[in-house]
Amino acid sequence: MVGLAAGGLAAWPLAVRAQQPSMPVVGFLHSGSLSGRENQIATFREGLAASGYTEGKNVMIEYRWAEGRYDRLPELASDLVRRPVAVIAASPLPSALAAKQATATIPIVFMAGDDPIRLGLAKSLSHPGGNATGISILTAGLNGKRFGLLRDLVPEATLIALLVNPNNPNIGTISGEVKEAADGIGLRIQILQAGTESEIDAAFAALAESRAAGLIVGADPFYFSRRPQLTAAVARYGVPAIYEAREFVEGGGLASYGASLTEALRQVGLYTGRILRGEKPADLPVIQPTRFELVINLKTAKALGITVPPLLLATADEVIE
């Protein structure tokens, strides 16, 4: 197809070709996979459209998916830089860091779950400076809250497990937040690490052996792409678990607490369009969510023999029955 297109261009008169407006290309870099993220991509396109850009009409999008292989991100980011693209939309944090390392000139719009200032993505939230801005969804900062919610669901627990991806640059922050929350009430924490499908299975075997009363699944794009495997394992071992996003609960998980990932991708699309229109990332403030949603699956709670406290039900943004 590329060859045919090149041949057709060669046949055009030079004057006609000169009149053709160039279509900007956006690079979309993600450390996960497309599967299960169709809604997020749709909202990203909606954000672009709200800024005046429609894929295939006046903008092209080059997608690069690392499929959970974070070691692939530097080359995927470099590939987009060589393309070259007008803007890189990078999500989540591992992709943002790879994009930032690959270029200091091409504008980057990121979605990150940790402090973008600490990670070197921005100089400040109000004036990012440099070539990157975006959305900080505070995923890492919510682990203490998730711990508290899980504790409300299993108040008799003396040991709670935390599943983290050793390849995630946020692993220290996630583990530290949960340990701090547990230490505050004298609860023990078991740290389980899994960065591949087989390691997930091994982690659940260790979980069963320790008989932890609950599980916190650390925010990670690889885990998001492995939602069916995770929720099936949780059901098989009969352990109550809490997750970062509502998509886990819609797929049978017990509970989730966090910002809307689809809305965050819409904001990434909006910022990408604004930069295509000529605004500079250095002047666009980093956005932080003002709303976090608690979603509870009552059907799953019943299957696990859990009675959800009435106050928790009353404060939930959505209860799936």
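Trainee: At 57% relative accessibility, does Glu 156 count as buried or exposed?

Mentor: Glu 156 counts as exposed, because its relative accessibility is 57% and the cut-off for exposed is over 50%. Keep in mind that this is a predicted model.

Trainee: Where does Glu 156 lie?

Mentor: Its place is the loop between helix H6 (143-153) and strand S6 (159-164). In space, Glu 156 and Ala 213 are 8.1 Å apart, C-alpha to C-alpha, with their positions 57 residues apart in sequence.

Trainee: How do strands of a sheet pair?

Mentor: They pair through backbone hydrogen bonds, in either a parallel or an antiparallel sense. Here, an open sheet of five strands with parallel pairing follows the order S2-S1-S3-S4-S5. Strand S2 (60-65) and strand S5 (132-136) are at the edges with a single partner strand each, so one side of each has no neighbour in the sheet. On average, and ignoring direction, neighbouring strands of this sheet are turned by 15 degrees against each other.

Trainee: How many bridges pair strand S1 with strand S3?

Mentor: Five bridges link S1 (residues 25-30) and S3 (residues 87-91), in the parallel sense. Within that pairing, Phe 28 has Ala 89 of S3 as its bridge partner.

Trainee: Which strands does helix H4 touch?

Mentor: Helix H4 (residues 73-82) packs on the sheet and touches S1, S2 and S3. The direction of H4 makes about 180 degrees with that of S1.

Trainee: Turning to strand S11, how many of its residues are buried?

Mentor: Five of the five residues of S11 (residues 293-297) are buried, so the strand is mostly covered, given that buried means under 20% relative accessible area. Glu 293, Val 295 and Asn 297 point one way from S11, while Leu 294 and Ile 296 point the other way.

Trainee: Which strands pair with S11, and in what sense?

Mentor: Strand S10 (residues 255-258) runs antiparallel to S11 and is joined to S11 by four bridges; Ser 256 has Val 295 as its bridge partner there. Strand S12 (residues 318-320) pairs with S11 in the parallel sense over three bridges, and Ile 320 of S12 stands opposite Asn 297.

Trainee: Last, the pocket. Which residues are closest to the centre of the largest pocket?

Mentor: The largest pocket holds about 200 Å³ of space. Of its 13 lining residues, Ala 259, Glu 263, Pro 289, Thr 290 and Arg 291 are the closest to the centre. Helix H12 (residues 261-276) gives the largest share of the lining, three residues. By class, the lining has six nonpolar, four polar and three charged residues.

Technical notes: Residues are numbered from 1 along each chain as its sequence is written. This is a predicted model: local features need pLDDT of at least 70, side-chain atom pairs count only at pLDDT 80 or more; totals for chains, interfaces and linings use all residues. Side-chain values use heavy atoms; hydrogens and water are left out. Two strands pair if DSSP finds at least two bridges between them. Helices (H or I, at least four residues) and strands (E, at least two) are DSSP runs, numbered from the N terminus. Axes are lines fitted to C-alpha atoms, for helices over the stretch in contact, and angles run from 0 to 180 degrees between N-to-C directions. Contact means heavy atoms within 4.5 Å. On a 1 Å grid over the protein atoms alone, a cavity is a set of points where a 1.4 Å probe fits but cannot get out, and a pocket is an open set with protein on both sides within 12 Å along at least five of seven lines; lining residues have an atom within 4 Å of a point. Grid points are joined across faces, edges and corners, and a volume is the space filled by probe spheres set on the points. Ala, Val, Leu, Ile, Met, Phe, Trp, Tyr, Cys and Pro count as nonpolar, Asp, Glu, Lys and Arg as charged, and the others, Gly among them, as polar. Buried means under 20% relative accessible area, exposed over 50%, partly exposed in between (1.4 Å probe, protein chains only).
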